[in-house]
Amino acid sequence: MAHAAIADKGQELSHPHSWITKYVWSQDHKVIGIQYIIVATLVGIIALFMSGMMRLQLGFPGEFTFLEPNEYYQFVTMHGMIMIVFMLTAFFLGGFGNLLIPLMCGARDMVFPYMNMLSFWVYLLSVLVLIAGFFVPGGTTGAGWTLYPPQAITGGTPGGDWGILVMCISLALFVVAFTMGGLNYLTTTLQARTRGLTLMRLPLTVWGIVMATILGLLAFPALFVSVIMMSLDNMLGTSFFMPAISEMGVTSDHTGGSPILFQHLFWFFGHPEVYIVALPMFGIASDLISTHARKNIFGYRMMVWAIVAIGGLSFVVWAHHMYVSGMNPYFGFLFATTTLIIAVPTALKVYNWVLTLWEGDIHLTVPMLFAIGFVFTFIHGGITGLFLGNVVVDVPLSDTYFVVGHFHMVMGVSPFLVVFGGIYHWYPKFTGRMLNNTLGKAHFWITFLGTYAIYLPMHYIGILGVPRRYYANGVTDFMPDSVASINASITVAALIVGSAQLIFIYNLIVSLMKPKDAPSNPWNATSLEWRTPETPPRHGNWSDELPTVYRWAYAYSVPGAEKDFIPQDVPPSAATGNK
């Protein structure tokens, strides 16, 4: 049952009265979403720059002197943490969540717009604290994005004093920001849907974001607690995670702590975090594929229940990241089994995407190219993930470049392809401008083919046993000479792909300099965000009356209908073949 009461009956909106309240201290969900996207993009560019520096070091060791070994490990840590938490999570939930949930639900705004505004500013504060880590004594932490103790706070690790403390504070602030935003997404979806919009008529994008929000609200507290406990170990000498150790001949005051406990807490957050990024990605990809294939999504209910099942199962697989921690083999068997089970609903989604494309009227628009590219890279990453979910195979591959290749295909390339596809798809609605099609296709093909030139060779050198996280491989007997050449080629490909993103930025800038040229619904889509009276939508989104929904969001190519799409708010009397 939909609940329009909050949104339809006198919700007080704080309309802007100046440039500051319109673009800075804004309570409009669309402006907040764009603020999230801008900050996430800027911090992502910093992480991209760091990855370029690391690849130059690996591809041409000794020829560049940009990085010292300590700085290399600090860059590794910051790159991973920024991309996974501060960029992708913020982009999908803070960015797409804010932009799309109220519009797709037919609401005027988030239920708690002031708290929504606060969530962005706390997020921005967390990013600033994170960046401040570069300027504290010793620099930012170099313990790796997993922050394992005791390595994270011992003197031999870069940033073992101030750096890890700043990182912990930054993560704690991020969790606070996420909680405020997440409660808004959940409450708005459950309580502010417009009349007629039942849960089983919601677009899959909303389902993906909401389920990811639930995962975050359950998983992020584990991260929050673990970083607070680690800060206490670092500042006050407690021993939650620190065992009795001697460092440089000096025995520390820590006794009795368990580093393994930190690993359990971290991965209880860390594995659902994969799906906090993946579930919105699944939802957005589903909407792009259905819209641009002009065909209803195959097995909608199955897709919804697959999202729910993946979310639930993501909480019982965390220890497959800990096979090499010395756990009991029986636990290894348990977590290997649950890991393989989660592949079932995930594979269902792939089947449904393929069957949606089957015999569809496929329009190879730029958003569609990115969506199809995502399906390829996600299948690739999923298959290589099966290798790492098996204890016997995971142990020898665990610390090699195979993991780097797999992880980046699943958590790097796939989400970014969906992010780009989503931007190309919804950009006209939120700006009133169309992006250049030729530049968009050039951006896609260089990015898509280039990423395979980067990550396929990583799988190969990983199987050869080339270890990850090394500043320089040096002369090692078990590595063939070709590894150096492969590393150089990977670096060249990475620099090309990184440079290709300038095409995208150029496209954005040029389009914004043009007069408005986007129609209100350029893709002939059916969901509610395309049905606002104005493009871009004004504050409050709708006219005096909220829309009424009569059908699901995938009424494409309905037999007997006048057009090949029927929007959700078109009454049955004005359309035939309604769902």
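**A walk through a helical model**

Let's start with a pocket: the lining of the second largest pocket has 8 nonpolar, 6 polar and 1 charged residues. Before we go on, please keep in mind that this is a predicted model.

So how much space lies in the second largest pocket? About 270 Å³. Its lining is made of 15 residues, and those nearest the centre are Asn473, Gly474, Met479, Val483 and Ala484. Two elements, α3 (29-59) and α15 (482-512), each give two or more residues to that lining.

Now let's look at some helices. Helix α5 covers residues 113-132, which makes 20 residues. From its first C-alpha to its last α5 reaches 29 Å, close to the 28 Å expected at 1.5 Å a residue. Which residues of α5 are buried? Here is part of the list: Pro113, Asn116, Met117, Phe120 and Tyr123 are among them, and so are Leu124 and Leu130. And what do the buried residues of α5 pack against? They pack against α3, α4 (69-104) and α6 (162-191). You have met α3 already, as one of the elements in the pocket lining.

Staying with α5 for a moment, please follow the chain into the loop between α5 and α6, where you will find Pro150. Pro149 and Pro150 are joined by a cis peptide bond, with omega at about 0°.

Next comes helix α8, residues 259-293. This one has 35 residues and reaches 50 Å from first C-alpha to last, close to the 51 Å expected at 1.5 Å a residue. If you trace α8 on your screen, look for Trp267: a kink of about 30° is centred there. Is α8 mostly covered or mostly uncovered? Mostly covered, with 30 of its 35 residues buried. Just after α8 we reach Arg294, which takes a positive phi of about 55°.

Arg294 brings us to a partner from further along the chain. Asp361 is found in the loop between α10 (329-357) and α11 (366-389). Leaving aside neighbours within four places in sequence, which residues is Asp361 in contact with? The answer is His292, Ala293 and Arg294. Take Asp361 and His292: they sit 69 residues apart along the chain, yet their C-alpha atoms are separated by 7.8 Å. Why is Asp361 called partly exposed? Because its relative accessible area is 45%, and partly exposed covers the range between 20% and 50%.

Let me finish with a few backbone details that are fun to find by eye. Arg469 has a positive phi of about 70°, although it is not a glycine. Arg469 is in the loop between α14 (437-463) and α15. With a relative accessible area of 42%, Arg469 is partly exposed.

Asn541 is another residue that is not a glycine and has a positive phi, again of about 70°. Where is the place of Asn541? In the segment after α15. Is Asn541 buried or exposed? Asn541 counts as buried, because its relative accessibility is 1% and buried means under 20%.

That segment after α15 also holds Pro536. A cis peptide bond joins Thr535 and Pro536, with omega at about 0°.

If you would like to retrace the tour, try starting at Trp267 in the kink of α8, then go on to Arg294 just after α8, and cross over to Asp361, which is in contact with Arg294. Thanks for listening!

How values were computed
Residues are numbered from 1 along each chain as its sequence is written. This is a predicted model: local features need pLDDT of at least 70, side-chain atom pairs count only at pLDDT 80 or more; totals for chains, interfaces and linings use all residues. Side-chain values use heavy atoms; hydrogens and water are left out. On a 1 Å grid over the protein atoms alone, a cavity is a set of points where a 1.4 Å probe fits but cannot get out, and a pocket is an open set with protein on both sides within 12 Å along at least five of seven lines; lining residues have an atom within 4 Å of a point. Grid points are joined across faces, edges and corners, and a volume is the space filled by probe spheres set on the points. Helices (H or I, at least four residues) and strands (E, at least two) are DSSP runs, numbered from the N terminus. Ala, Val, Leu, Ile, Met, Phe, Trp, Tyr, Cys and Pro count as nonpolar, Asp, Glu, Lys and Arg as charged, and the others, Gly among them, as polar. Buried means under 20% relative accessible area, exposed over 50%, partly exposed in between (1.4 Å probe, protein chains only). Contact means heavy atoms within 4.5 Å. The expected span of a helix is 1.5 Å times one less than its number of residues. The bend at a residue is the angle between axes fitted to the seven residues ending there and the seven starting there.
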